[in-house]
Amino acid sequence: MMRIDALELVRYGHFADRNLDFRRSGTSDLHLVFGPNEAGKSTLREGIGDLLFKVPLRSKMTFSVGTALRIGGRFTTEAGSFQVYRLKKNKDDLVDAEDAPVRGNPFATVTDGFARELF
């Protein structure tokens with residue numbers, strides 16, 4: 001089990017410096033993201049996929065940011081909490097809050113055996 005506590009669209013698609021806080025509030029443990037057409041709901045879904053699985057070589061979310069793409073988040077699992085950022089790079093594309101490469105895949109227990117195409 002993994003919980004998304006926050007998403008940071010630092011430079012992603014047409015978003016810059018947008019933060020979404022999904023921390024639990026009160027007794028609610030469900031968050032709905034809604035808005036008008038072209039508000040960014042699909043971009044957000046795409047960003048979660050890129051964060052969990054890797055930014056594709058031909059990502060459509062680099063149109064305004066190029067290779068400076070950066071999306072991150074804070075997560076909680078049974079093992080604890082962590083914060084990571086995904087970059088558009090071939091190597092060391094997952095970094096921590098200090099930009100140090102993250103070794104291993106902190107999402108492996110959640111995504112193992114799950115294809116991105118099904119996401």
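Which residues does R70 touch, not counting residues up to four places away in sequence? The legends below take up this question after an overview of the predicted model.

**Figure 1. Overall view of the predicted model, with its two helices and five strands.** Followed along the sequence, the secondary structure elements come in the pattern β-β-α-β-β-β-α. The radius of gyration is 14 Å, close to the 14 Å that the globule rule gives for 119 residues, so the protein is as compact as a globular protein of that length. Taken along the principal axes, the box filled by the C-alpha atoms is roughly 40 × 40 × 30 Å. Of the 119 residues, 35% count as buried, and of the contacts with a separation of 6 or more, 54% are between residues 24 or more positions apart.

**Figure 2. Close-up of R70 in strand β3.** The residues that R70 touches, with those up to four places away in sequence not counted, are E8, L9, V10, R11, Y12, Y85, R86, L87, V95, D96 and D99. With a relative accessible area of 12%, R70 is buried, because buried means under 20%.

**Figure 3. Close-up of the largest nonpolar core, which has 19 residues.** Within this core, the members that touch the most other members are L7, L9, Y12, L51, L69, F75 and F107. At least two residues of the core are supplied by each of β1 (2-12), α1 (41-53) and β3 (70-77). One of the core members named here, L9, is in contact with F15, A16, D17, R18, L20, L44, R70 and I71 when its neighbours within four places in sequence are left aside; R70, the subject of the previous view, is thus among the contacts of L9.

**Figure 4. Close-up of the largest pocket, with a volume of about 330 Å³.** There are 13 residues lining this pocket, and those closest to its centre are I4, F22, H31, V33 and I48. The elements that give two or more residues to the lining are β1 and α1, and α1 gives the most, with four residues. Sorted by class, the lining of the largest pocket consists of eight nonpolar, one polar and four charged residues.

**Figure 5. Close-up of the second largest pocket, with a volume of about 210 Å³.** The lining of this pocket is made up of L9, F15, R18, N19, L20, F22, L32, V33, A39, G40, K41 and L44. Both β2 (15-21) and α1 supply at least two residues of this lining, with the largest share, four residues, coming from β2. By class, eight of the lining residues are nonpolar, two are polar and two are charged. L9, which also belongs to the largest nonpolar core, is one of the residues that line the second largest pocket.

**Figure 6. Close-up of P56 in the loop between α1 and β3.** P56 has a relative accessibility of 31% and therefore counts as partly exposed. Apart from its neighbours within four places in sequence, P56 is in contact with D50, K88 and R116. Between P56 and D29, which are 27 residues apart in sequence, the distance in space from C-alpha to C-alpha is 31 Å.

How values were computed: Residues numbered from 1 in each chain as written. Predicted model: local features only at pLDDT ≥ 70, side-chain atom pairs only at ≥ 80, totals over all residues. Heavy atoms only, no water. Core = buried A, V, L, I, M, F, W, Y, C linked by side-chain atoms within 4.5 Å. Buried < 20%, exposed > 50% of the residue type's maximum accessible area, 1.4 Å probe, protein only. Contact = heavy atoms within 4.5 Å. 1 Å grid on protein atoms, 1.4 Å probe; cavity = no way out; pocket = protein on both sides within 12 Å on 5 of 7 lines; lining within 4 Å. Points joined across faces, edges and corners; volume = space filled by probe spheres on them. Nonpolar A, V, L, I, M, F, W, Y, C, P; charged D, E, K, R; others polar. Rg over C-alpha atoms; globule rule 2.2 N^0.38 Å.
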